[in-house]
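Please open the model in your viewer and keep the sequence panel beside it, as this tour moves from one selection to the next.

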Amino acid sequence: MTLTIENLRIAAAGAVLVRDVSLTLEPYRTVTILGETGSGKTLVAEAAMGTVAPELAVSGRIADGGEISDAADQGARRGAWGRRIAMLPQEPWVSLDPTMRSLAQVAEGHRFVRGLGPGPARRQARADLASLNLAAGDDRYPHQLSGGMAQRVAFASARAGGAPITLADEPTKGLDATMRDAVVALLRKAVEEGGSLLCITHDIAVAKALGGEIIVMLKGEIVERGDADTVLVAPSHPYTRRLVAAAPENWPTATATATASVPGDVVLEGTELAVSRNGRRLFSDLDLAVRAGEWIGVTGPSGCGKTTLGNVLLGLMPPASGRVRRRAGVASTRFQKLYQDPVATFSRHVSLRTALAETTARHRVSFDDVMTLLERLRVPVALLDRRPDQVSGGELQRVSLARVLVAKPIFLFADEPTSRLDPITQQETMDVMREVTRERGCGTLLVTHDRTMAERITERRITLGSDLA
Ligand SMILES: Nc1ncnc2c1ncn2[C@@H]1O[C@H](COP(=O)(O)OP(=O)(O)OP(=O)(O)O)[C@@H](O)[C@H]1O
Ligand SMILES: [Mg+2]
């Protein structure tokens, strides 16, 4: 089944967000969209699903399996859901129904989309899970699955309806290399079996591994397209050249850029820390002193306790043993955490301006401070009047960064703070974060799955989970 998008245009009240996008996706083929954060990638996928926000004007034509529809008629796309097109959710563990065991989640698609009886649906679901090495997870609820397992269950349930076309919006963001490769292998397998894949990613390595056609978007338009081998190896558009060159392995190293290499006073100290979760020891004997202005990288495989370490250091949960000392006489609000998932940290019902005004009022700082930060982070101020679901993933991530920095933290635990940014914006954003934290003497723990980035941007690193099997 071939998916065709012709002359897609999406506009908001005062701006054209997507202009003249056409693409064809054939069986056994992959199309990967790369491009600047906010350039319209997600909107293209949403148009294919018919889920573009109602306040936006859509025009163009969409066809799959011979059925051509006017892109403006989004209701017409509904019949394709699960049957012809499956959307691989961005946050698998959130999208799974917490009250259903894995087998039942997957069996649902076979029953209600494909129309199998209850027995055959369960048998098929069992076979799907076994083929993804998940037989052991059949009867588990989502909270009992690791991130990697949840990703595979979500994949199986998205595809259970038998849809030959898969849309995946940043399916590997924030995953460590092992899990990322596992997700890429799942996607490639679906294509090798005759499916078609439209994948949006900021990870050049993922784009390379998927192969097929690459489309590069900038400010709502396609600026370059072609075979992965050509576009990624010998890009012709200046933007693509910059994008490919901005991979963290090409960044200057922290020691070379450090302007103030003299470490400041200790802002937070952990001594002989041990941490357990669900009766399992995650790490022990960790000694750590964070000094003003310094950046320390925290790496380690998925599930090794990186987020838990942050919670212990911030006093949100006690360590199994050991001590944490935060600098005395400093308000607790100046020990801050930047959450991995920016969507979860904003209320869905209020504008970003209102959310930021609440923050500046709480911390008794002027609203101009947050405006200055947004400007430095290159966030267009026009989007402050929108709700969180009306801006792109990378825009929201930078707004959440500005919100945390405006609290003038002296310690910041930053969990994958640039996971939703294209490589160019990621590098710029990291530079701004480093400048601001250094100016203000804020000690930063940077959690990242990207070892190369950690090596480039932090003065030293700790690796957790080396004693895990
Ligand atoms: N409902 C809306 N109203 C107004 N503008 C919107 C709305 N939804 C999205 N936009 C804007 O459209 C542009 C494209 O958004 P989109 O989510 O497609 O970007 P993207 O390329 O997926 O970015 P990212 O890489 O950050 O996810 C952004 O500038 C965004 O702010
Ligand atoms: Mg997006």
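**A sheet and its helix**

In this predicted model, begin by selecting strand S11, residues 266-277, together with S12: the two run antiparallel and are joined by eight bridges. If you then pick out Val-266, you will find Arg-291 of S12 standing opposite.

Now add S14 to the selection, and you have an open sheet of three strands in the order S12-S11-S14, with antiparallel pairing. Strand S12 (280-291) and strand S14 (321-326) are the edge strands, each of them pairing on one side only. From one strand to the next, the twist averages 15 degrees. Next select helix H11, residues 306-313, which packs on this sheet and touches S11, S12 and S14, while its direction makes about 125 degrees with that of S11.

**Two nonpolar cores**

Move on to the largest nonpolar core, which has 34 residues, and colour those with the most contacts inside it: Val-106, Leu-129, Val-153, Phe-155, Leu-187, Leu-197 and Leu-210. Among the elements that each supply at least two residues of this core are helix H3 (102-113), helix H6 (177-192) and strand S8 (196-200).

Which residues is Leu-210 in contact with, leaving aside its neighbours within four places in sequence? They are Thr-30, Thr-32, Val-184, Leu-187, Arg-188, Leu-197 and Cys-199. Another core, of 33 residues, lies apart from the largest one, and Ala-355, Leu-405, Val-432 and Val-436 are among its members.

**Cysteines**

Finally, select Cys-199, which is buried with a relative accessible area of 0%, and then Cys-304, which also counts as buried at 0% relative accessibility. A search of the whole structure finds zero disulfides.

Conventions
Residues are numbered from 1 along each chain as its sequence is written. Chains are lettered from A and ligands numbered from 1 in the order in which they are written. This is a predicted model: local features need pLDDT of at least 70, side-chain atom pairs count only at pLDDT 80 or more; totals for chains, interfaces and linings use all residues. Side-chain values use heavy atoms; hydrogens and water are left out. A disulfide is a pair of cysteine sulfur atoms within 2.5 Å. Buried means under 20% relative accessible area, exposed over 50%, partly exposed in between (1.4 Å probe, protein chains only). Two strands pair if DSSP finds at least two bridges between them. Helices (H or I, at least four residues) and strands (E, at least two) are DSSP runs, numbered from the N terminus. Axes are lines fitted to C-alpha atoms, for helices over the stretch in contact, and angles run from 0 to 180 degrees between N-to-C directions. Contact means heavy atoms within 4.5 Å. A nonpolar core is a set of buried Ala, Val, Leu, Ile, Met, Phe, Trp, Tyr and Cys residues joined through side-chain atoms within 4.5 Å.
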